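Thanks for coming. I have one structure to go through today, so let me put it up and start with a helix.

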Amino acid sequence: MIPDDPVESPESLRRRAHELRECARRARAVAESLGPCLDQAVSIATAKDAWQGWYAQETTGRLSERQRGLRGMASALMSDAGAWLTEADKLERQADQVAKTAKAGK
Amino acid sequence: MSYTGFDVGKIRSLARELRKVGAAAGPLHRDLAKVLTDAEAALGGAQPTTSQPLLDAMRGGPPKGLPGDLAASLPSTAGEIDRRCDRISPQNGAFLPGTVVDPMVVFSRDEPDEAKVNRALDALKGLNGKDFGVNGNRDDVRAVAKLLEELTPAELDLLLSKVADGDLKRFGELIGDTGGHWYNLFDENGLPEGERRELLSHLLERAGPGLWPKLAADLPGVQPGFDTTDVFLDGVNSQSGVSTTGLRNGVPNVPLFTDGVQADEVAQGTLGDCWYIASLKATAAADPKFIQDGIRQNANGTISVRVWDKDGKLHWVTMTPDLPLDANGEIAFARSVNGGKTTESWPAYYEKAFALLYADDSGGAPDGKGDDDRYDREEQGDYGAIEWDYTDKAPPYVTGHDTDDIDLDYTDVKTAFESGHPVIVSSHSNADGVPAHLKAAYVTRHVFYVKGFKDGKMILGNPWGPGSPDVVVTPDEFKKLFEDPQKLSVGK
């Protein structure tokens with residue numbers, strides 16, 4: 001019997017699961033570069049006796065603010081990557097289920 | 001140079017780091033956007049791609065926000081940091097020994113107003129092909145000059161780092177060309193010399209050291225050339241016999257002052273401007289404080305010297321610290337010499353300022369090269385303009401006052417000198433009648449200055465400086481061997 005509702009094929013579900021795992025891997029790699037990319041600059045800018053004055057304060061403040069932003073983005077990206085992996089697991093389980101159902105239907 | 005609370009090496013390493021991160025920011029942004037877009041497709045709408053708003057904004061569309069905007073902002077900040085570092089510690093060693101610029105002056109300054117800078121940039125560009133109308137371009141270039149003068153040092157540095165050479169060069173040419181059509185009385189062009197000098201000095205006093213070469217290259221009148229001088233063309237000073245091979249511009253390795261103004265230590269060097277150096281030495285001997293007060297080093301390392309122009313108007317002529325140096329790196333023209341060594345540079349800056357401002361050169365010199373235009377032509381704004389001239393021409397530029405002729409009389413000269421006036425006097429154009437005991441000291445076609453009187457004799461100093469013997473003459477010898485004594489007036 002052919003089901004009335006269109007169901008995504010196991011192959012498509014597994015392909016999307018694979019793509020999500022790949023995206024999660026790439027996202028973690030990007031996050032590893034993104035999070036600390038201003039750490040060295042902020043470390044120099046805030047070193048003792050590096051510089052003083054209004055311009056130094058403003059520049060260091062701006063760099064620190066961007067560093068926080070980048071770290072936040074990296075952290076969120078890592079969290080998203082975890083969610084994508086969970087979704088990939090779910091898609092694979094779904095693929096197995098669809099495959100089983102298909103077999104049972106013949 | 002090290003500064004308390006400022007580590008220039010560390011600050012420059014911050015600029016390098018910011019450029020590195022800025023260069024990586026674009027690719028990082030693209031990678032991030034791509035992975036989010038790919039994840040969105042792979043999720044198929046099953047759940048939000050991301051819970052982070054900043055990341056959510058990156059999916060698809062043009063790159064905006066972090067980290068992509070770092071690609072432009074970080075190199076810009078790095079440039080600003082380097083320009084500020086250049087002001088306290090130039091990378092090309094452009095400062096004189098002993099120069100100290102308070103870094104707080106530099107790092108406490110406000111950020112440049114980009115809109116103001118862009119208006120000035122647009123105004124400079126707008127001069128290209130502009131119809132200046134029948135009244136000439138003076139009002140137009142004056143308006144642009146005003147915009148430039150209103151920039152803070154940080155804004156000027158930003159402008160100079162952005163402006164196209166062609167735009168700045170065009171402005172330099174326009175302000176320097178005051179010629180008009182003879183048939184149009186209202187055709188006023190360029191900036192009058194005094195006004196142009198004020199503008200150039202204003203810019204030089206504010207620009208960072210890294211940008212001085214750009215000002216010198218694009219604006220005539222910033223750096224006096226020496227390649228039209230006899231001593232450069234000949235490779236030797238014809239009077240002293242000193243070689244000038246290898247002459248070049250560079251920052252001298254001696255400070256402005258070590259022991260204040262000492263007239264005796266001033267040495268003319270290889271340029272043929274005894275007529276100026278004699279006035280400088282005579283004035284320095286009579287009133288060292290007057291000369292010391294007439295020179296200052298600015299916060300950005302440039303030097304300003306007080307000079308009066310041909311109309312008697314006072315200017316502080318601002319210059320970069322580089323000077324003509326000889327093949328050994330020593331100051332080639334005027335300087336202070338002590339113990340056989342060059343010790344101070346202040347006379348060289350007085351001479352440089354005079355070369356930039358002197359406007360009475362009539363060309364020509366009694367050097368047998370009258371038919372060679374390379375040597376004998378009217379010049380202004382370079383060292384060639386101050387080679388060879390008349391005794392009374394320099395003093396007004398040094399003191400602000402015309403000289404008074406004195407009779408060629410020993411007693412009259414003594415009276416003037418002893419009443420506090422510097423006095424200069426010319427030698428003859430030939431050595432006829434010079435007694436044997438004066439032959440080693442007497443120099444023809446030269447200007448000497450009165451150093452004093454002793455045992456009924458007059459002591460005349462040679463502007464060549466230490467190593468050149470004084471001419472000590474009786475009243476009769478003075479009358480016979482010299483001419484045209486001039487009385488200078490300082491600070492009246």
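Take helix α16 of chain B, residues 410–418. Its buried residues are B:Tyr410, B:Val413, B:Ala416 and B:Phe417. Looking down the axis of α16(B), those buried residues fall within an arc of 135°, so they line one face of the helix. On the other side of α16(B) you find B:Thr411 and B:Glu418, which are exposed.

What do the buried residues of α16(B) pack against? They pack against three strands listed here by label, β10 at 423–427, β11 at 447–454 and β12, and also against α17 at 475–481 and β14 at 482–487, again in chain B. After α16(B) comes B:Gly420, with a positive phi near 95°.

Before going further, a word on confidence, since this is a predicted model. The scores are ipTM 0.91 and pTM 0.81. For chain B the mean pLDDT is 91, and 96% of the residues reach 70 or more. Element by element in chain B, strand β12, residues 457–461, has the highest mean pLDDT, at 98. The lowest is helix α2, residues 53–56, at 74. Strand β12 is one of the elements that the buried residues of α16(B) pack against. Helix α2 will come up again at the interface.

Now the two chains in outline. Chain B has 492 residues, and 47% of them are buried. The chain contains 17 helices and 14 strands. Its C-alpha trace spans about 115 × 60 × 40 Å along the principal axes. Of the contacts in chain B with a separation of 6 or more, 70% are between residues 24 or more positions apart.

Chain A has 106 residues, of which 30% count as buried. It has three helices and zero strands, and from the N terminus the order is α-α-α. Among contacts in chain A between residues at least 6 apart in sequence, 86% join residues at least 24 apart.

Next, the contact between the chains. How many residues does each chain put in? Chain B gives 38 and chain A gives 36. On the chain B side, four helices each supply at least two residues: α1 at 8–43, α2, α3 at 70–88 and α4 at 103–107. Of the elements there, α1(B) gives the most, with 16 residues. By class, the side of chain B that touches chain A comes to 20 nonpolar, 10 polar and eight charged residues. Note that α2(B), which contributes here, is the element with the lowest mean pLDDT in chain B.

Back inside chain B, there is an open sheet of three strands. The order is β2-β7-β8, and the pairing is antiparallel. Which strands stand at the edges? They are β2, residues 266–267, and β8, residues 341–344; each has a single partner strand, so one side of each is left without a neighbour in the sheet. A helix packs on this sheet: α14(B), residues 346–357, touches β2, β7 and β8 of chain B, and its direction makes about 160° with that of β7(B). As for the pairing itself, β2(B) is joined to β7(B), residues 335–338, by two bridges. B:Val266 has B:Ser336 in β7(B) as its bridge partner.

A second antiparallel pair in chain B is β4, residues 303–308, with β5, residues 314–319, joined by six bridges. B:Val307 has B:His315 in β5(B) as its bridge partner. The two strands form a hairpin with five residues between them, and B:Gly312 in that hairpin takes a positive phi near 80°.

Last, one residue in a loop. B:Gln223 lies between α10 at 212–218 and α11 at 230–234 of chain B. Is B:Gln223 buried or exposed? The cut-off for buried is 20 or more other C-beta atoms within 10 Å. B:Gln223 has 21 such atoms within 10 Å, and is therefore buried. Leaving aside neighbours within four places in sequence, B:Gln223 is in contact with B:Ala216 and B:Thr320. For a sense of distance, B:Gln223 and B:Leu66 are 157 residues apart in sequence and 45 Å apart in space, C-alpha to C-alpha.

That is what I have. Questions are welcome.

How values were computed: Residues numbered from 1 in each chain as written. Chains lettered and ligands numbered in written order. Predicted model: local features only at pLDDT ≥ 70, side-chain atom pairs only at ≥ 80, totals over all residues. Pairing = 2+ DSSP bridges. Contact = placed C-beta atoms within 7 Å. Axes fitted to C-alpha atoms, helices over the stretch in contact; angles between N-to-C directions. pLDDT = per-residue confidence, 0-100. Nonpolar A, V, L, I, M, F, W, Y, C, P; charged D, E, K, R; others polar. Buried ≥ 20, exposed ≤ 12 C-beta atoms within 10 Å, placed from the backbone. Arc of directions from axis to C-beta.
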